[in-house]
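Me: Please take a close look at one helix-helix packing in this model, and then place it in the setting of the chain around it. I would like the reasoning spelled out with care.

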Amino acid sequence: MTTLTLIHPPALPRHVAWLGYGGLLPFIALAALAGGDPHHRLAWSDALAGYGAVILSFIGALHWGVAMSAPGLDPARRRRAFVWSVVPALLAWPATLLAGSLAPLILLLGFVLHIVQDKMLAEPAGLPAWYLPLRWRLTVVACICLLANAWQTWA
């Protein structure tokens, strides 16, 4: 008689969870402050755009690291990962220079485009099974905060 062993994907490491979810706190706090403090809305919105730009640039750099180190990537996919890795920063920087609802919308676009790139890279690069679910959750919350901020600037 054979025993069927279910293989569970590795759990999200605790320190990664703390760092990832902790990184959402400024998104949530700054979006809430921008919505709840109309006298300082512009300052809170600018701070949110600045933080969003930093995080968008950071996640772009993840692709640079994967392109350098993932042994299973074919040359074309590796080249695309290197090229893509700089695109988020090229979207993020101009967003910090824009006022009103344009900055959060450009950042939101960058986060959405990046999760699409993550999905295309995760399997060929052999990323951990927890990576994409974590990135989806982080992206959704960041995008909700950016969208709320854009909405507040229209109101």
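Reply: In this predicted model, the crossing in which H2 passes H6 is left-handed. Helix H2 covers residues 24–36 and helix H6 covers residues 131–154, and their axes, which cross at roughly 15 degrees, come within 9 Å. Because angles under 35 degrees count as roughly parallel, H2 is described as roughly parallel to H6. The two values belong together, since two packed helices are described by the angle between their axes and the distance between the axes.

On the H2 side, the residues that meet H6 are Leu24, Phe27, Ile28, Ala31, Ala34 and Gly35. They face Leu138, Val141, Ala142, Cys145, Leu146, Asn149 and Gln152, which H6 brings to the contact. Sorted by class, this contact of H2 with H6 holds ten nonpolar and three polar residues, with no charged residue. Gly35 is placed among the polar residues of this contact because the classification used here counts Gly as polar, a convention to keep in mind when reading the class totals.

One of the H6 residues in this contact, Asn149, deserves a closer view. Asn149 lies in helix H6, and its relative accessible area is 1%; because buried means under 20% relative accessible area, Asn149 counts as buried. When its neighbours within four places in sequence are left aside, Asn149 is in contact with Ala34, Ser45, Leu48 and Pro104. Of these partners, Ala34 belongs to H2, whereas Pro104 falls in the range of helix H5, residues 102–125, and both Ser45 and Leu48 fall in the range of helix H3, residues 41–69.

On the other side of H2 in sequence stands helix H1, residues 14–22, whose axis comes within 4 Å of the axis of H2 and crosses it at roughly 20 degrees. That angle makes H1 roughly parallel to H2. The residues that meet here are Gly20, Tyr21 and Gly22 from H1 and Leu24, Leu25 and Pro26 from H2; by class they divide into four nonpolar and two polar residues, and no charged ones. Leu24 thus appears in the contact of H2 with H1 and also in the contact of H2 with H6.

A further packing, between H3 and H5, can be set beside these. The axes of H3 and H5 lie 10 Å apart, and the helices pack at an angle of about 20 degrees, which makes H3 roughly parallel to H5. H3 passes H5 in a left-handed crossing. From H3 the contact takes Ala49, Gly52, Ala53, Ile55, Leu56, Ile59, Gly60, His63 and Val66, and from H5 it takes Ala103, Leu107, Gly110, Phe111, His114, Gln117, Asp118, Leu121 and Ala125. Its class make-up is eleven nonpolar, six polar and one charged.

Some residues of H3, H5 and the loop before H5 add detail to this setting. Val54, placed in helix H3, has a relative accessibility of 52% and counts as exposed; its C-alpha atom is 22 Å from that of Ala122, with their positions 68 residues apart in sequence. Ile106, found in helix H5, is partly exposed at a relative accessible area of 24%. With residues up to four places away in sequence not counted, Ile106 touches Leu91, Ala95 and Leu98, while its C-alpha atom is separated by 17 Å from that of Trp44, 62 residues away along the chain. Ser101 is found in the loop between helix H4 (75–97) and H5, and with a relative accessible area of 12% it is buried. Under the same exclusion of residues up to four places away, Ser101 touches Ala150, Thr153 and Trp154, residues within the range of H6.

For the chain as a whole, the secondary structure comes to six helices and zero strands, so that the elements run α-α-α-α-α-α from the N terminus on. The C-alpha trace spans about 70 × 40 × 20 Å along its principal axes. Of its 155 residues, 35% count as buried, and the chain exposes about 9,200 Å², of which carbon and sulfur atoms supply 75%. Among contacts with a separation of 6 or more, 69% come from residues 24 or more positions apart; the contact of Asn149 in H6 with Ala34 is one example of a pair drawn from separate helices.

Definitions and conventions: Residues are numbered from 1 along each chain as its sequence is written. This is a predicted model: local features need pLDDT of at least 70, side-chain atom pairs count only at pLDDT 80 or more; totals for chains, interfaces and linings use all residues. Side-chain values use heavy atoms; hydrogens and water are left out. Axes are lines fitted to C-alpha atoms, for helices over the stretch in contact, and angles run from 0 to 180 degrees between N-to-C directions. Helices (H or I, at least four residues) and strands (E, at least two) are DSSP runs, numbered from the N terminus. Angles under 35 degrees count as roughly parallel, over 145 as roughly antiparallel, 65 to 115 as roughly perpendicular and the rest as oblique. A crossing is left-handed if the near helix is turned anticlockwise from the far one by less than a right angle, and right-handed if clockwise. Contact means heavy atoms within 4.5 Å. Buried means under 20% relative accessible area, exposed over 50%, partly exposed in between (1.4 Å probe, protein chains only). Accessible areas come from the Shrake-Rupley method with a 1.4 Å probe; for residues, only the protein chains shown count as cover.
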